[in-house]
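Thanks for coming. I have one structure to go through today, and I will keep it short. Please look at the screen.

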Amino acid sequence: MASGGKSAGTAGGPGAVRRIQRDLIVLAASLAVFAGCAVVASDGRVGPAERAVFHAVNGLPGWLYRPMLAAQYLGVLAVPLVVAAFALVWRRWRLAAALVLVVPLKLVLERVAKQLVQRQRPGTTVPDAILRGVPHHGLSFTSGHAIITFAIAGLLVLVLPRRWGVVAFVLATCNGLARVFLGAHNPLDVVGGAAIGLGIAAVLDLMLDVARDRGAARPGRAPRRGRIALPERVSWGKS
């Protein structure tokens, strides 16, 4: 009964209002952060403060190359589909649908961002950048990898226990740092991409109510200790 009431509260009533308010706040904050990054990067240059942050990350010791290389693969286009497959196994239907939709939304919004702000990669905009197997040229704002990882993290945090939601955001941050370390992006490219990713997660939750999957039943899940599973209806005095 308790879990059923929770699901109903999520679907409508005060719980739905809080969910919509939360998603709208995240969406508004994401748009504001993206707009701020876009305005700063719109002249195509990398300012002194951003360049200092770039060098701090890009100049980290070379032995970090392999873990950073691994971290960057978290943002490839197939990752949302892989996570969606796991969500299907665990019967998180809304989460799976949202993760699949991340792919086309990323492709469209990344293209829009690159049309709005045509800033080149660090190989062109930062003359002394260290490039580790990444292109010298090409439009850099925003980071498509950051869009994907932060969209995934923004969706997972709605469903997973808090500690695993934190892990998802830590991995997304590591992916962003990896792109700067490798010399593929400037810091505002990553921040702008992260903002788009979180905005995508907020919109998908508004559309699909992804958070409702938090209480979904898992395959083979047994009742928690101390709880007794009772039939929904009990007939008294009838044979």
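**Two arginines and a run of helices**

I start with Arg-121, which sits in the loop that runs between H6 and helix H7, residues 122-125. Before going further, note that this is a predicted model.

Is Arg-121 buried or exposed? Its relative accessibility is 14%, and the cut-off for buried is under 20%, so Arg-121 counts as buried.

What does Arg-121 touch, if we leave aside its neighbours within four places in sequence? The contacts include a run of residues from Pro-135 through His-136, His-137, Gly-138 and Leu-139 to Ser-140. They also include Arg-179, and then Ala-184, His-185 and Asn-186. With Ala-184 there is a specific pair to point out: a polar atom of the Arg-121 side chain lies 2.7 Å from the backbone oxygen of Ala-184. As for the backbone, the C-alpha atoms of Arg-121 and Val-134 are separated by 9.5 Å, and these two residues are 13 apart along the chain.

The loop between H6 and H7 also holds Arg-119. Arg-119 has 0% relative accessibility and therefore counts as buried. Its side chain reaches the backbone oxygen of Arg-45, at 3.1 Å.

Now the helices. Helix H6, residues 93-116, packs with helix H8, residues 144-159, at an angle of about 155°, and their axes are 10 Å apart. H6 and H8 are therefore roughly antiparallel to each other. Their crossing is right-handed. On the H6 side, the contact is made by Leu-95, Ala-98, Leu-99, Val-102, Lys-106 and Glu-110. On the H8 side, the residues include Gly-144, Ile-147, Ile-148, Ala-151 and Ile-152, with Leu-155, Leu-156 and Val-159 further along. By class, this contact of H6 with H8 has eleven nonpolar residues, one polar and two charged.

The next pair is H8 with helix H9, residues 162-181: the angle is about 175°, with the axes 8 Å apart. That makes H8 roughly antiparallel to H9. H8 contributes His-145, Ala-146, Thr-149, Phe-150, Ala-153, Gly-154, Leu-156 and Val-157 to this contact. H9 contributes Gly-165, Ala-168, Phe-169, Ala-172, Thr-173, Asn-175 and Arg-179. Which classes make up the contact of H8 with H9? There are eight nonpolar, six polar and one charged.

Two residues come up twice in this talk. Leu-156 of H8 is in the contact with H6 and in the contact with H9. Arg-179 of H9 takes part in the contact with H8, and Arg-179 is also among the contacts of Arg-121.

Technical notes. Residues are numbered from 1 along each chain as its sequence is written. This is a predicted model: local features need pLDDT of at least 70, side-chain atom pairs count only at pLDDT 80 or more; totals for chains, interfaces and linings use all residues. Side-chain values use heavy atoms; hydrogens and water are left out. Axes are lines fitted to C-alpha atoms, for helices over the stretch in contact, and angles run from 0 to 180 degrees between N-to-C directions. Helices (H or I, at least four residues) and strands (E, at least two) are DSSP runs, numbered from the N terminus. Angles under 35 degrees count as roughly parallel, over 145 as roughly antiparallel, 65 to 115 as roughly perpendicular and the rest as oblique. A crossing is left-handed if the near helix is turned anticlockwise from the far one by less than a right angle, and right-handed if clockwise. Contact means heavy atoms within 4.5 Å. Ala, Val, Leu, Ile, Met, Phe, Trp, Tyr, Cys and Pro count as nonpolar, Asp, Glu, Lys and Arg as charged, and the others, Gly among them, as polar. Buried means under 20% relative accessible area, exposed over 50%, partly exposed in between (1.4 Å probe, protein chains only). A polar contact is a pair of N or O atoms within 3.5 Å; within protein, one must be able to donate a hydrogen and the other to accept it, and residues adjacent in sequence count only if both atoms are side-chain atoms.
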